[in-house]
Amino acid sequence: MNNPTSDANRSGYDRWAQAYDGYVNSTVATDDLYFPPLWADVTGMKVVEIGCGTGRHTLRLVQQGNQVTAIDLSAGMLKIAREKLAGFENVRFIEADFMVDDLGLLDFDMALTALVLEHIADLEVFFGAVSHALKPGGAFYMSEIHPDRIAGGTQANFIDPENGEAVRLTSFAHSAADIEAKALATGLSLRHRADIIGGDDLVALNPDWTRHTGRAMIRMWRFEKA
C-alpha cells in the first residue's frame with residue numbers, strides 16, 4: 001500500500017542522509033543528551049526501533065547488549081546506519097514503512113522511537129502497531145519535539161547540502177492530550193513523562209542556542225503494554 005506522506009518523507013530523508021549526523025540541529029542535540037539516559041539500563045532485551053534514521057540510538061542499544069530490529073523507510077538513512085554498525089551481529093535493519101507494511105513484528109520486550117511521531121498522521125494506527133509488536137508488559141520509549149513547539153510551527157527541516165534548497169518534511173501537529181489518549185486506546189499505559197527545557201547543557205554545545213534557554217524542547221514518554 002502506498003502512503004503519500006511516507007513517500008514524500010522518504011525522499012526528503014534520503015536527501016538529508018549524508019549530512020544528517022553533522023547537521024547543526026538543536027532538537028536532535030537535545031534528544032541525544034536526554035533521551036538515552038531514560039533507557040540506559042535496558043540490556044539483554046529484544047528491541048524494535050521505529051524510524052532508526054542513521055542509527056544514532058541503534059548503536060547505543062546494540063552496545064548495551066540488546067538484540068535490535070531497526071526499521072526506517074529511507075534507504076539513504078539506512079545506508080549510514082548499516083555503515084555505522086558494521087561488525088555488530090545483534091542488529092538487523094529493515095527498509096519499510098512501519099505504518100503500512102506487514103512486518104510480522106511480535107513479542108518484543110521494548111520498542112523505541114525518537115523524533116518520528118510528528119510524521120505520523122494517524123496516531124491510533126501507529127500506537128496500535130507498536131502495541132501489537134510488544135509482549136505483555138513490554139515498554140515503549142518515545143521522544144518527540146515538544147507539542148507546544150509543534151503547535152507553534154516547529155517541524156523537521158534542513159538545507160539541502162547539494163543545492164541549498166530549504167526542505168521541510170511533512171509533519172502533523174498532535175496535542176499532548178491526543179497523543180496520550182490514542183496510546184491509551186491501544187492498550188499502552190503511561191508510566192513516565194518528562195519535558196526537557198533548554199539550558200546550559202544545550203548552550204555548551206552551541207552558544208547560538210541561548211535562544212532556547214527556558215524553552216520546552218522535547219517531551220519524552222515511557223509507556224507499558226497492559
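**Group meeting: sheet, pocket and selected residues of a predicted model**

Histidine 174 is located in the loop that runs between β7 (166-168) and α7 (176-185). Helices here are DSSP runs of H or I with at least four residues, strands are runs of E with at least two, and both are numbered from the N terminus. This histidine 174 is buried, at a relative accessible area of 12%; buried means under 20%, exposed over 50%, and partly exposed in between, with a 1.4 Å probe and protein chains only. Its C-alpha lies 7.7 Å from that of isoleucine 150, while the two residues are 24 apart in sequence.

A word on the basis of these values. The model is predicted, so local features need pLDDT of at least 70 and side-chain atom pairs count only at pLDDT 80 or more, whereas totals for chains, interfaces and linings use all residues. Residues are numbered from 1 along each chain as its sequence is written, and side-chain values use heavy atoms, with hydrogens and water left out.

I turn now to the sheet. Seven strands form an open sheet with mixed pairing, in the order β3-β2-β1-β4-β5-β9-β8. Two strands are taken to pair if DSSP finds at least two bridges between them. Because β3 (91-95) and β8 (188-197) each have a single partner strand, they stand at the edges, and one side of each is left without a neighbour in the sheet. On average, neighbouring strands are turned by 15 degrees against each other, direction ignored; axes are lines fitted to C-alpha atoms, for helices over the stretch in contact, and angles run from 0 to 180 degrees between N-to-C directions.

Strands of a sheet pair through backbone hydrogen bonds, either parallel or antiparallel. In the parallel sense, β1 (residues 46-50) pairs with β4 (residues 108-114) over 3 bridges, and valine 47 has methionine 110 in β4 as its bridge partner. Antiparallel pairing joins β5 (residues 134-145) to β9 by 7 bridges; there, tyrosine 141 is matched with arginine 222 of β9. β8 and β9 also run antiparallel, joined by 9 bridges, with lysine 225 of β9 as the bridge partner of leucine 188.

How enclosed is strand β9 (residues 216-225)? Of its 10 residues, 8 are buried, so β9 is largely enclosed by the rest of the structure.

Two residues beside β4 deserve attention for their backbone. Most residues other than glycine have a negative phi, and most peptide bonds are trans. Aspartate 107, although not a glycine, has a positive phi of about 65 degrees; this residue sits in the loop between β3 and β4 and counts as partly exposed at 48% relative accessibility. Leucine 115 is likewise not a glycine and has a positive phi of about 55 degrees. It belongs to the loop between β4 and α5 (123-133), and its relative accessibility of 11% counts as buried.

Next, the second largest pocket. Rolling a probe the size of a water molecule over the atoms shows where empty space is left. On a 1 Å grid over the protein atoms alone, a cavity is a set of points where a 1.4 Å probe fits but cannot get out, while a pocket is an open set with protein on both sides within 12 Å along at least five of seven lines; lining residues have an atom within 4 Å of a point. The volume of this pocket is about 160 Å³, that is, the space filled by probe spheres set on the points, with grid points joined across faces, edges and corners. Its lining includes Trp16, Tyr20, Asp32, Arg56 and Trp209. The elements giving two or more residues to this lining are α1 (4-20) and α2 (26-34).

Which element gives the most to the lining of the second largest pocket? That is α2, with 3 residues. Within α2, Ser26, Thr27, Val28, Ala29, Thr30 and Asp31 are buried. Asparagine 25 caps the N-terminal end of α2, with a side-chain oxygen 2.9 Å from the backbone nitrogen of threonine 27.

Finally, two helix residues. Asparagine 9 belongs to helix α1 and counts as buried at 5% relative accessibility. Arginine 82, in helix α4 (residues 75-84), counts as partly exposed at 38%. Between the C-alpha atoms of arginine 82 and phenylalanine 93 the separation is 7.5 Å, with their positions 11 residues apart in sequence numbering.

Terms used:
A polar contact is a pair of N or O atoms within 3.5 Å; within protein, one must be able to donate a hydrogen and the other to accept it, and residues adjacent in sequence count only if both atoms are side-chain atoms.
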